[in-house]
Amino acid sequence: MSLNNPAHIIQEAKRLVESDRRSEIRLNANGGNCILIVCDPMKEVEYITHFEELLPDAAYSIIDLNKCLIDFVTSHKDELVELYGQLQSATHEIFKAPAGEESEDLFKAIMAQIQQAFQQDKVPVLINSGSLYGTSIHNIHIMENDVVMKAALPLIILYPATIEPDRIMFLGKHPASK
């Protein structure tokens, strides 16, 4: 099977998660606890379809970051309008508050959904991560969060990116973190 075959790639990730080799995830991810599935942004919908078909609901929790963003904006519409007016020079703080600040934000909402999946003994699978572009929430913030790092199960992230000779470009535009 080709490495460009979404079903094959997802099945391989599923085998790794469900095998006794799960500790390899931490080793290969430099101590992290994530499986990053890089896909061509033009094939993201195809990958999502395969995730929904191949990953059983009893063991995996698919978290649609697009839906998280829409739900967050819908439920905090009035506060967001006010925040936007106040934070014009730091609009990125609307979705991810500075460290130590106790306000509700999109990042905390996403982390709560990931934590809920772990508490249900399910592997969280993040899809539509492109919706985070421009929010100042980067995959590395999620991957390095204690909720993910200390979990018994790994986190799977579908990462729409192009691969250049010397780097990975998120959505073909923003260099991925090392």
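Here is a short chat about how some labels on this predicted model are earned.

Me: What should I know about the model before we start?
Reply: It is predicted, so local features need pLDDT of at least 70 and side-chain atom pairs count only at pLDDT 80 or more, while totals for chains, interfaces and linings use all residues. Residues are numbered from 1 along each chain as its sequence is written, and side-chain values use heavy atoms, leaving out hydrogens and water.

Me: How do you know that the span of helix 1 agrees with its number of residues?
Reply: Helices are DSSP runs of H or I, at least four residues, numbered from the N terminus. The expected span is 1.5 Å times one less than the number of residues. For the 13 residues of helix 1 (residues 6-18) that gives 18 Å, and the end C-alpha atoms are 18 Å apart, so the two agree.

Me: Why is Asp64 called a cap of helix 4?
Reply: A polar contact is a pair of N or O atoms within 3.5 Å; within protein, one must be able to donate a hydrogen and the other to accept it, and residues adjacent in sequence count only if both atoms are side-chain atoms. A side-chain oxygen of Asp64 lies 2.9 Å from the backbone nitrogen of Asn66, at the N-terminal end of helix 4.

Me: What puts the buried residues of helix 4 on the same side?
Reply: Buried means under 20% relative accessible area (1.4 Å probe, protein chains only). In helix 4 (residues 65-75), Leu65, Cys68, Leu69 and Phe72 are buried. They cover an arc of only 95° around the axis, so they lie on the same side of helix 4.

Notes
Helix = DSSP H or I, 4+ residues; strand = E, 2+ residues; numbered from the N terminus. Buried < 20%, exposed > 50% of the residue type's maximum accessible area, 1.4 Å probe, protein only. Arc of directions from axis to C-beta.
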